[in-house]
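Here's a walk through the model, from the inside out. Have the viewer open so you can click along.

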Amino acid sequence: MKQICDRAKKPDAVMDLLTTIYKLAEKKNFTGLFLKILVISMFLFTLQSCDLKLDEEVDHIPERPFDVAPGITDMHNFMSLDTLYFYAGQESTFDFKSDTSNKQILSIKIFIDNEPMKYTNSRLKFPVKPGIYKLKAEIYTGTETGSIANLADYERHLIEKEWTLIIYKIENFSEIQGKYSFVNGRLKLEWDEFPYPFIKEYQIIDPWTCPATHILFTRNNSIYDSTYWGFIKPFQINVITKGNSVLYWCQIIVPEIAPNISISYADSSCEKLKIMWDAPPYYDHLTSASLYISNNLHSISNNVRDTVSLLDFDQPFGKENMIYLRYKWKSFAEPKIAASKRFNYGNTYTPFNKDGQIIPVNNNVAIHLYPTWRMITYNTELVSTGDTLHLNEHFMVNLNLTTSPNGTQYAYVTNKGKIRTGLVNNLSQNIISPTILPGTTGNEELRISDNKIACIKSSIYTLKFYDLNTMQTIQLFDAGAEIDKITNMSSDAKYFSITFNNSDHVYKREDEAITKLYELQSQSGKSFLSFNPLNSEQFFYYDSQEFSCRNLNNSVINFSYPLEADKILHLDIANNRMLVAVGNNLCIISITDGKMLNQIPFSQDNPVGKSIGQNSILIGNKIVSNSLFYCF
Amino acid sequence: MKKSIFIFFAICLTAIISNAQDLHLGFSAGLAFANMEGARSSLENKLHSLPYQAGITDNFPAWFEYKAEMSADFDMVMFGVYYMRSSTGGRISAKDYSANYFYNVEMINNAFGFSTKLLFDEINKTRFFVTLGIGQQHLKSIINEEMYLYSTKRKTILKKDETEGQSIHALAGLFVEKRLTTNISVAAYVNYYFSPFYTESGYRAANWKGFRSGLTFCIIVPESIKNYSIAE
């Protein structure tokens, strides 16, 4: 019980007052009553003054330990400088950090010319008036003494720093520009130069990333960027002064530069479709270009300046396809390429109506016979229609329609025993002969020469030669045996060949007489015989084992070589090649030396294989066979 | 509430005085041994929450109690009213070269009520009473937290808070009175004080229950005030 009622002992003035009151009461004979009042008053006073007083203190008072102020750093390294440069009115981060984790910064006061500045969220707005100022920072940090004030965050270290502050301004600051261009396959950025000497360097950043990605520093006002390859890319140029302040300078946005992709429209049915695009101006950074068709990789070019790619024949391409050009991971699509039926592209296709039959005539023309008695010419290269001839006569399709060796004339036998002939390239210009074979069925075999001499099988034993120029029968020929087939007639009608008794017979026709030149034994029906339209004195012959070129008027064999073929389908003498069927392959073979030029597999499941027939011919780089074209 | 209690006591007092034989005016001083368990616990929690070394220098000790009482004496029984005031407090203190810190909690209890004293024995003019009392208590707690920094010579008030509360209290005990003269007597008492319905938490939960003991100086006013004199 060491606490005592202190205040009760102290108030002497109060005691004096009470004494005075007592004396006054004594004079007035109110002593008893005032004594009661006095006692009550003293009691109440005592009550108020003798409440517990809390004023004890602890005894432990430690010495102040040694404690030094922490080092101060800042993101711009302002603390290491004496002069700072800021643009007039610029607002900048002015942030400081303590290098001692237990002595963090508690408050910062900034003064410019001793005037306290508004400093919130570590940002400071600098004066708008250019000039030289004195900038001062008072940085208060915590201590590490462990004292009460320290632990209660009331103890501080004060670190002061002063700078010379230079506020500058630039005329037409808002008009500062940057531009981009491509030089030697690289992106070049240029911008207006900072006009003051206190520039340290330019900083280039990507402002669209968060945080902004630093790209590089440079002292020049232009850079080459090798990282750009087509995609949209922004560049922000900042000026860093010698006072380490950062000033936004300008922004350059390089747009997406996509290659202009186009596709060629082939003139020829067998020309490969060609996809072309512009060489990228930023090729320096690219190592390859990948071409995708409908998300499938078509080709990769390791030279990005190669800007053409050919579609393979087996590459289908149509309306559903989309072309993409990909550099690295970036794809550039070309959606504007309009698909058309010409894009129904492949190694086989049917350019004509499937009804009826196509009879190849020469390298340019085919004749389409419709069951509805129409005959149409087609340009086989452009796949376009030519003349149309409506037939009045009933005839068996393909059985007796023939063309001259040079492909300019056509002729067929009508069901009334007449011959209608005309020009292939002008079907309507035709003439009809008088009745040559009364009572005919229209199935008779017919051959026609370039000079319009017709050879018609007039009976099973005889041939009739008819001049369609003069409309007169000029010769009759009795073979003396049952004729199997008229195999060929030369372009000048001087020679013809027929087959009977399993032999090929070659005849020379003169005005007075018809002379047999050759009788060639054929085996198993595989033989082939054709006069050479380029040399009227030669013919080609295949006897199922050997292919040869022989002279007509002597027995000289110009060349021969063994050949294994099921059937010779067409001789393209002008291009020194022939089309033969061998097993499940179509082979293109050099005529003069029998060298294999091309081999095209097919089967009965293959539409090519199904359509192979007597009339298959070679035209350019395709095989035309009935209604089917095959490109190789 | 306060008004109705005042009226109640005024009516009681008037009734007692108008019928009493003698009027006892008692003035007591004693010690209050208050329990204060909730307040002590709160002070401990505060001490542990401080980041620096500190100590409890006052932990709600027993402290003086003062009482004024007016009773009507009917020989075998006395009826009266009383007013009591008691105080205690807690203090946390910390001090070093940098600062002087303290956290004071002052607790004041002003209670007034109605008492009954029942005479159960009298030996040589010394009367022994059983005391029963009930009334209202008005509790006040004042929290004052300050830190004085020597470096800046500045006082920082960290917290200043004052809360008040009211509730019912009761007391029961023994009262022994020895009449010295016709108008003066002295007495001693031992009471047990408690608050039956007070359940608040924190410093306001200062449970003032506990023993009270002290001495009383009584002025006995006779039935007629004219007969009153300070000396026999």
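Is A:C549 buried or exposed? A:C549 is buried, with a relative accessible area of 2%; buried means under 20% relative accessible area, exposed over 50%, and partly exposed in between (1.4 Å probe, protein chains only). Another cysteine, A:C455, is buried too, at 0%. Counting a disulfide as a pair of cysteine sulfur atoms within 2.5 Å, there are zero disulfides over all chains.

Some ground rules. This is a predicted model, where local features need pLDDT of at least 70 and side-chain atom pairs count only at pLDDT 80 or more, while totals for chains, interfaces and linings use all residues. Residues are numbered from 1 along each chain as its sequence is written, chains are lettered from A and ligands numbered from 1 in the order in which they are written, and side-chain values use heavy atoms, leaving out hydrogens and water.

**Chain A and the cores**

Chain A has four helices and 52 strands, taken as DSSP runs numbered from the N terminus (helices are H or I, at least four residues; strands are E, at least two). Of its 632 residues, 46% count as buried. The accessible surface of chain A comes to about 31800 Å², with 48% of that belonging to carbon and sulfur atoms; areas come from the Shrake-Rupley method with a 1.4 Å probe, and for residues only the protein chains shown count as cover.

In soluble globular proteins, nonpolar side chains tend to be buried together. A nonpolar core here is a set of buried Ala, Val, Leu, Ile, Met, Phe, Trp, Tyr and Cys residues joined through side-chain atoms within 4.5 Å. The largest one has 41 residues, and A:W191, A:F194, A:W249, A:I275 and A:Y327 touch the most other members. Strand β17 (residues 246–254) of chain A gives the largest share of this core, five residues. A second, separate core of 27 residues includes B:A34, B:A39, B:F60 and B:A99.

Click on A:I275 and you'll find contacts (heavy atoms within 4.5 Å) beyond its neighbours within four places in sequence, among them A:I261, A:L291, A:V308 and A:I323.

**Charged pairs**

The whole structure has 18 salt bridges over all chains, each being a side-chain nitrogen of Lys or Arg within 4 Å of a carboxyl oxygen of Asp or Glu. Here are some of them, with relative accessible areas.

| Acid | Base | N to O |
|---|---|---|
| A:D67, 15% | A:K103, 5% | 3.0 Å |
| A:D82, 54% | A:K161, 15% | 3.7 Å |
| B:E146, 8% | B:K155, 49% | 3.8 Å |

A:D67 and A:K103 are 36 residues apart, and the pair links distant parts of the chain. The link between A:D82, in the loop between β1 and β2, and A:K161, in strand β10, spans 79 residues. A:K136, A:E138 and A:E160 are linked in a network of salt bridges.

**A patch on chain B**

B:F33, B:V190, B:Y192, B:F194 and B:F211 form a nonpolar surface patch with about 450 Å² of accessible area together. Patches take residues with over 30% relative accessible area and no salt bridge, joining like charges within 9 Å and nonpolar side chains (Val, Leu, Ile, Met, Phe, Trp, Tyr) within 5 Å. Strand β8 (residues 184–194) gives the largest share, three residues, and B:F211 lies in strand β9.

B:P196 lies in the loop between β8 and β9 and is partly exposed at 39%.
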